[in-house]
Each structure stands twice: as structure tokens, then as C-alpha cells.
Amino acid sequence: MPSGHVVFIGAGPGAADLITLRGLAALQRAQVVLADALTDPALREHAPQAEWIDVGKRGFAHATGQARINALLVEHALAGRQVARLKGGDPSIFGRLEEELQALAGVGVSCEVIPGVTAAVAAAAQSLRPLTRRGQGRTVALTTAMTLQHALQAGHHADTEVFYMAGQQLAALADSLSACGWPSDTAVSVVSRAGCADARVSTHTVGTLAEAAAEHAGRPAVVTVGVGATPATVSAGSGLTGPA
């Protein structure tokens, strides 16, 4: 039986047009698409010929188990199909890419990974707050706020720390940030549904972060802490404005 091929595609954050041209071309060639929950449904219009299978994961909600996703990838690839594994953001950033690559390598299926725009970068763009700054913001750490056991995890590893999957635990994250050494007046930016038309941006400090919970309730959010959460310096007369 002929072996198929699997392409891991980073769909980017939010709106469908944030996918890369290479990713879109691969999606249009697919016979089967295994799609994550946070990918834009509008992308289905670009692959009407494909069988679409929803395999999304959402924090604290029903999710397709990783073993089941691995099994579906193997099943369709070994049946000789061209499979697109469509992941929100970038496949290599908190996307369980390693487990899926290992499952396919174990049965000899060829793969390709097409990168996408990750949520940290999308949140920075949405809020007009560069993640790196000359002379003061030289390091950026990407951290998942949720462990496999749904326990909160915070850290202080860089000038700017970006926390994924923190939207439902903002008050607890604030406490954890203080506990691991972030001063209470450290700048914090919260962006929910970055890259979407209904994106929301709010600014806080570590000491006031808990106040963001009501505004971003029920929405996937990225929390940026440190230098990258401060407003960009704008020269007088530039005409540039951004979220407060």
C-alpha cells in the first residue's frame, strides 16, 4: 500500500489570511485535514476537496486525545493520502509537534513542517509593543502557563516573558509572577484573540493583572510581562498611536 505524506502547517493566529503562502498552497493540495480548534474556519474554503477532521484542544474543556490524533495521522498517511495537520500559530511552539513527528517516523511516513506566526508575535503586533527593545529588551522567553496536570506555571527567565494558555488563570498567574520575583509595578500586556477582528488589548502591572480576568473571560489570551509589555516610545509628530 502506498505511503502518504503529512505536512504540518502553521495556520498563524486568528484570521485566515495570517497563514503563509507556502502553508496555504500545501493546504490546497491536501486530501485530509486534521485541524486544531483555534484555526480559522474560513480556511476550509481553501480546501473544499479535503476531508476535514476536527482534533482541537482547549484548556479545561473537551479535547481530542493526543494518542487519537497520532493514530489518525498514521491511518490516513498509510492509506496513501496527502494529509495536512493544521495547527494554530506555529507548529513548534506548544503544538505537540514532537509527539506527532515521532508517531509518523515510527511507521516511516515522510513529513514536512511549514512554520506559522506564533501567538506571542501576533500579540506584540496587535498591541504595538515590540517584544525586543534596543539596549534593554534583549531576551524573550516563551512559556506555557499550564502544565500537563493543569497546574499553573510561571517564571522569570528573560527581559520579556510571554505566557501562553493563561487566560483562565490570570489572578493565579499574578500571584505566581510575584512569587517568582517580578516586581509588582512590572508592565503586563494581555491580548485575547490576537489576529482576529475582535481582538482585545489591555495593559496592567503584575500587581493589577487579576483585573484583566473579567475583560478576557472565555477568550484565548497571551500575557506579556516585562520590557516587551511597555508602550513603544513614539517621537513627537510621528502620528503613531497604539492601544493604551
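The exercises below work through a sheet, a helix, a set of salt bridges and a surface patch in a predicted model.

Residues are numbered from 1 along each chain as its sequence is written. In this predicted model local features need pLDDT of at least 70 and side-chain atom pairs count only at pLDDT 80 or more, while totals for chains, interfaces and linings use all residues, and side-chain values use heavy atoms, with hydrogens and water left out.

**Exercise 1. The open sheet**

Task: Determine in what order the 5 strands of the open sheet are arranged, and which of them stand at the edges.

Solution. Begin with the strands themselves, which, like the helices, are DSSP runs numbered from the N terminus (E, at least two residues, for strands; H or I, at least four, for helices). Two strands pair if DSSP finds at least two bridges between them, and the resulting order is β6-β7-β10-β8-β9, with mixed pairing. Next, β6 and β9 (200-205) each have a single partner strand, so one side of each is left without a neighbour in the sheet. Neighbouring strands are turned by 20° against each other on average, direction ignored, where axes are lines fitted to C-alpha atoms, for helices over the stretch in contact, and angles run from 0 to 180 degrees between N-to-C directions. Finally, look at the antiparallel pair of β8 (residues 187-192) and β9, which is joined by 6 bridges; here V188 stands opposite H204 in β9.

**Exercise 2. The helix across the sheet**

Task: Establish which strands helix α4 lies across, and which of its residues are buried.

Solution. Helix α4 (residues 119-127) lies across β6, β7 (160-164), β8, β9 and β10 (221-226), and runs at about 105° to β8. Its buried residues (under 20% relative accessible area; exposed means over 50%, partly exposed in between, with a 1.4 Å probe and protein chains only) are A119, A120, A122, A123, A124 and S127. The cover over these residues includes β6, β7, β8, β9 and β10, with contact meaning heavy atoms within 4.5 Å. After α4 comes L128, whose phi is positive, near 55°.

**Exercise 3. Salt bridges around R85**

Task: Identify the acidic partners with which R85 forms salt bridges, and state which network they belong to.

Solution. A salt bridge is a side-chain nitrogen of Lys or Arg within 4 Å of a carboxyl oxygen of Asp or Glu, and the structure holds 6 of them. In one, the side chains of R85 and D36 meet at 2.8 Å, N to O; R85 belongs to strand β4 (residues 82-87) and D36 to the loop between β2 (32-35) and β3 (51-54), so that distant parts of the chain, 49 residues apart, are linked. In another, R85 pairs with E100, the closest N and O atoms being 3.0 Å apart, and because E100 lies in helix α3 (residues 97-105), the pair ties β4 to a part 15 residues apart in sequence. Both R85 and E100 are buried, and salt bridges that share partners join D36, R85, K87 and E100 into one network.

**Exercise 4. A patch on the surface**

Task: Locate L142 and name the residues with which it makes a nonpolar surface patch.

Solution. L142 is found in strand β6 (residues 140-144) and, at 33% relative accessibility, counts as partly exposed. Together with F94, V140 and M165, L142 makes a nonpolar surface patch of about 310 Å². Patches are made of residues with over 30% relative accessible area and no salt bridge, nonpolar side chains (Val, Leu, Ile, Met, Phe, Trp, Tyr) being joined within 5 Å and like charges within 9 Å; accessible areas come from the Shrake-Rupley method with a 1.4 Å probe, and for residues only the protein chains shown count as cover.
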